[in-house]
Amino acid sequence: MLRLPLAPLLSALLLVCFGVVGDGHASPDNSAVSDALDAGKSEFVFSGWQGPAITVWTYVPSQYSEQTPIVFIMHGTDRDADRYRDEWAALAEESGFVVVAPEFSKADFPGPEGYNLGNVVSAAGAAIPKEEWSFSAIEPIFDSVKARIESARDEYAIYGHSAGAQFVHRFVYFVPEARLSRAVAANAGWYTMPDGDTAFPYGLKTAPNTTDEINEALEQNLVILLGTNDTDPEHVHLRRTPEAMAQGAHRFARGHAFFKAGEARAQASGAAFGWRIEYAPGVGHSNGEMAAFAAPLLSEVDAPRPMMPIDFVEMPRLGSPALSPDGAKLLYLRSRIDWKENKIIDRYRLLDLETGATEGVVEPEDEGESFNRAYWKPDSSGFITTLEREDDDHEQAYFYSLADKSLTRLTEHHEDVKDVAWAPDGARFYFAARRRDPGEAEARQQDRGWKIREYETRSPDEIWSHDVDSGETEKVVAGDFYVRGYALSRRGDKVIHMRAPGGLIDDRHQGDLWVTDVVTGESARVTNNGYSESNAKLSPDNTMFAFIATVNENGEQYYEDNLFIQEIGVPEPTLLLPDMAIEIQDFAWDNDGKGLFILGNIGLRSELFHYVIGERRLDRLTQGDHALGDWTYLPEQDVHVAKIVDAQSPGELYIMRDRTAGFEQATDEYSAWSARFLLPKQEAVTWRGRGRQEIEGLLVYPTDYEEGERFPLVTITHGGPRSSSQFGSWNTSRFVPVLAGLGYGVLLPNHRGGTGYGDDFVRDMVGRYFNNAHHDVMDGIDAMIERGFADPDKLIKMGWSAGGHMTNKLITETIRFKAASSGAGASEWISMYGESDVRFNRTPWFGGAPWEERAPLRSYARQSILKDAWRVTTPTVFYVGGRDVRVPPTQSIMMYRGLKAADVETELYVAPNEPHGFRKPSHRLFKINTDLAWFARHALGEEYRGMLPNAAYEPEEEEKDE
């Protein structure tokens with residue numbers, strides 16, 4: 001056995017001298033340093049302190065050096081430090097650190113008072129001198145170990161499980177001078193909360209801590225590590241006193257409560273909060289299993305870990321960027337999750353582009369208040385936002401002054417104020433609002449249930465203007481029609497808007513564009529074509545306008561989202577880019593009106609282009625494995641702002657002031673993610689579909705992928721179907737990084753019928769929805785198998801909306817999937833067509849409506865999925881929102897009943913009050929956890945238990961009388 005010799009001079013000094021060494025900490029006595037430690041497993045008895053002798057169990061890795069980290073491992077309630085040392089030995093060898101496991105015996109440190117509570121007080125509650133605290137043994141043991149292995153380390157890490165975790169988190173409180181690099185408290189049964197009003201040991205009242213020491217503890221590098229399966233409220237060692245139960249029903253909940261309490265205390269005291277919370281997925285109350293997750297946390301440099309479901313749902317999102325007209329400040333919304341309120345909260349962040357400083361603006365009225373898009377005043381003195389505050393009956397326009405840092409209500413409108421546009425001089429602004437049709441008495445009767453509102457009734461939008469100085473509001477556009485979107489001209493003298501005969505989505509196809517002079521009130525119709533023009537904008541000189549429509553140059557329907565320009569007074573528009581495979585997502589006239597900037601989807605990517613009208617020239621301004629979105633253009637400055645999403649970021653905000661220099665990053669919300677999370681590699685892949693059509697998709701590798709290995713493959717098809725999957729793919733219904741972190745590969749195919757690949761590609765579904773699309777998906781899966789990526793015995797299918805349609809179809813076509821998840825998917829096309837709020841764009845799939853004369857009922861029946869439910873063998877879980885009007889719950893219910901009749905394992909979850917996409921964080925998390933458990937059980941033969949935030953375990957607060 002290799003022995004690590006001590007330096008002779010140092011050994012002699014330590015054996016003789018009992019003074020102070022190194023940085024002023026007392027050295028151990030003779031017995032503490034009489035022997036060097038062997039490589040591998042060893043033990044020694046330590047008596048170099050004021051308390052009883054302690055057996056110390058150690059492991060020294062074979063590749064030891066004087067810089068090898070030292071880690072204390074604190075045992076649980078059984079006081080079996082040797083077992084803990086043994087469970088950590090292999091990890092210590094692999095990761096390269098020394099294990100030090102002191103054993104606080106039951107005889108010398110009786111009961112929880114002697115060990116878990118640090119021997120701070122006796123069982124009778126009497127104070128014990130600090131030098132006899134069990135906490136006080138750690139520092140001299142560290143010095144003893146340093147001497148025995150000739151270590152040059154100045155710090156150590158400490159880990160504890162169960163009762164050991166109790167020891168660790170209290171050690172952080174009571175020994176603030178400890179030379180800690182990091183502390184990890186894993187699965188503690190209960191905690192001493194950072195609460196000065198609760199008596200010790202459940203709080204810090206009467207504890208020997210000063211306020212400064214508590215603040216110092218809050219700043220420590222403490223990790224609360226929780227096993228997601230440590231949720232047994234009846235565990236034999238779980239304390240159930242009223243004080244402990246107030247912390248949560250089980251260890252997982254109590255860990256969350258402790259972390260949140262520390263966070264709140266730090267915010268209240270102004271301390272820099274150093275704690276963080278981490279998870280061990282699928283692990284219960286087991287030190288051996290927790291150790292594998294704890295080991296990377298104890299290293300010098302934090303090793304990134306896979307993203308967990310709670311991480312993904314809690315992930316902050318940036319959006320609605322608004323650059324001030326002077327170009328000095330960037331205002332945007334940053335989201336956070338309020339689990340207690342079960343909602344997403346958006347708050348403003350203001351970035352000073354010169355100093356780089358970011359601050360919050362607009363104080364919320366209450367914790368649950370969320371903010372909307374902001375509109376800068378032309379002089380950059382402040383901005384308008386729309387809010388409904390306590391004294392408001394509807395959302396009103398509020399002005400925030402940067403100078404005064406004050407928020408002032410500007411409007412008192414009878415309906416919600418929305419879609420604000422400032423006049424260039426800032427003297428007035430325009431907005432849209434619904435017309436109040438019923439009288440007050442009738443509206444009140446409807447609200448109280450005495451009258452039933454007619455089905456599919458909509459109040460039309462009108463356009464109003466508000467004079468800032470006088471406070472007067474007046475109508476600009478109103479009449480016997482429905483305004484469906486508007487845009488103010490750059491000069492501020494005209495409004496272009498669509499007028500539709502009704503307020504339903506399909507009514508847009510009977511609408512046309514009008515231009516109204518805001519001074520004279522005169523209006524002129526500028527189109528008469530039934531194109532369903534959207535996003536119309538006037539050119540800077542008001543002589544032309546441009547719009548987006550899903551028609552070709554002949555006005556025929558069901559094409560890509562194409563861009564048209566038209567001169568005022570000319571009856572027909574001109575189609576731009578007729579031969580380019582691109583979906584127009586947004587556009588803006590450039591600063592001189594000679595061209596347009598275009599945001600376009602070209603499949604896996606969305607990029608920014610510039611089109612010069614006179615030259616018919618298209619220049620591509622951006623290029624990369626990313627998707628641009630939330631794009632705005634400021635013509636006065638010739639500046640662009642956008643959010644750019646890619647594999648490593650859900651979307652930082654960027655600014656482009658010089659086209660040759662490109663976009664420059666403005667925010668750094670996700671800059672530390674590469675150090676915190678293992679994010680998967682994404683790459684574009686192609687394969688040949690039927691008819692030799694090239695199909696593109698996104699392949700996402702497992703985060704631990706090694707070349708040549710096969711992985712379980714989750715195939716996720718996009719919604720729409722007029723859509724495409726793109727780089728990044730951070731959709732909450734997909735949770736791609738979480739899947740990759742758990743060892744799944746993900747394929748996101750862009751099958752025929754989707755957008756970004758040209759008119760022929762998107763029109764493949766005309767006449768038959770499932771024409772080539774489902775074959776494209778299966779061909780992509782086969783390509784991934786042939787290339788050695790996917791395990792053919794571990795295939796999984798998932799999708800939402802049109803992705804749910806595809807999932808329902810494929811499980812009737814093949815038995816190859818081991819598990820499937822279908823969200824808001826169609827199953828029977830006649831009922832789907834009749835019940836949904838959208839029909840116009842679906843009609844081409846079948847050749848007509850089911851209720852028209854000579855209706856193509858055979859086409860509907862032939863394409864129906866439900867009739868083939870008897871073929872399904874794939875265990876499938878279904879989800880749908882209870883208020884989904886796009887793909888009503890009926891569709892999922894019928895498919896679920898079909899699988900039940902076929903004796904296939906299936907589950908259906910109808911989320912109450914949810915629309916087409918889940919909005920409540922709890923429902924999003926539920927879907928992720930349920931999918932992961934379903935996939936693990938049916939495709940991998942394993943168990944997965946989901947994780948929930950602490951709010952899930954907190955008792956509901958009782959309403960109190962005022």
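Is Glu 87 buried, partly exposed or exposed? In this predicted model, Glu 87 counts as partly exposed, because its relative accessibility is 29% and the partly exposed class runs between 20% and 50%. Its salt-bridge partner is Arg 83, with N and O 2.8 Å apart. Arg 83 falls in the partly exposed class as well, at 34% relative accessibility. Both residues belong to helix α2, which covers residues 81-95, and because they are 4 residues apart there, about one helical turn separates them.

Side chains of opposite charge can pair when their charged atoms come close. The structure holds 42 salt bridges. Another of them joins Arg 428 to Asp 467, where the closest N and O atoms are 3.4 Å apart. Arg 428 sits in strand β21 (residues 428-434) and Asp 467 in strand β22 (residues 461-467), so this pair ties together parts that lie 39 residues apart in sequence. Arg 428 is partly exposed, with a relative accessible area of 22%, whereas Asp 467 has 19% and is buried; the cut-off for buried is under 20%. Lys 681 also forms a salt bridge, with Glu 683, and here the closest N and O atoms are 3.6 Å apart. Glu 683 is partly exposed, its relative accessible area being 23%. Elsewhere, a network of salt bridges links Arg 276, Glu 278, Arg 305 and Asp 311.

Strand β21, which holds Arg 428, is also part of a hairpin with β20. Strand β20 (residues 418-422) runs antiparallel to β21, and 3 bridges join the two. In one of the pairings, Ala 421 has Tyr 430 of β21 as its bridge partner. The hairpin has 5 residues between its strands, and Gly 426 takes a positive phi near 75°.

The next region is a sheet. Strands of a sheet pair through backbone hydrogen bonds, either parallel or antiparallel. This sheet is open, has 8 strands with mixed pairing, and follows the order β41-β42-β44-β43-β45-β46-β47-β48. Strands β41 (682-688) and β48 (906-911) stand at the edges; each has a single partner strand, so one side of each is left without a neighbour in the sheet. On average, neighbouring strands are turned by 20° against each other, direction ignored. Within the sheet, β45 (residues 790-800) and β46 (residues 817-823) run parallel and are joined by 6 bridges. Met 798 has Ser 821 in β46 as its bridge partner.

Two helices are in contact with this sheet. Helix α15 (residues 773-786) lies across β41, β42, β43, β44, β45 and β46, and runs at about 110° to β41. Helix α16 (residues 802-813) packs on the sheet and touches β43, β45, β46 and β47; its direction makes about 135° with that of β45.

How do the two helices meet each other? Two packed helices are described by the angle between their axes and the distance between the axes. The axes of α15 and α16 come within 10 Å and cross at roughly 70°. An angle of 65 to 115 degrees counts as roughly perpendicular, and α15 and α16 are therefore roughly perpendicular to each other. In their contact, Ala 773, His 774, Val 777 and Met 778 of α15 meet Met 806, Lys 809, Leu 810 and Glu 813 of α16. By class, this contact has 5 nonpolar, 1 polar and 2 charged residues.

Methods. Residues numbered from 1 in each chain as written. Predicted model: local features only at pLDDT ≥ 70, side-chain atom pairs only at ≥ 80, totals over all residues. Heavy atoms only, no water. Pairing = 2+ DSSP bridges. Axes fitted to C-alpha atoms, helices over the stretch in contact; angles between N-to-C directions. Contact = heavy atoms within 4.5 Å. Salt bridge = Lys/Arg side-chain N within 4 Å of Asp/Glu carboxyl O. Buried < 20%, exposed > 50% of the residue type's maximum accessible area, 1.4 Å probe, protein only. Parallel < 35°, antiparallel > 145°, perpendicular 65-115°, else oblique. Nonpolar A, V, L, I, M, F, W, Y, C, P; charged D, E, K, R; others polar.
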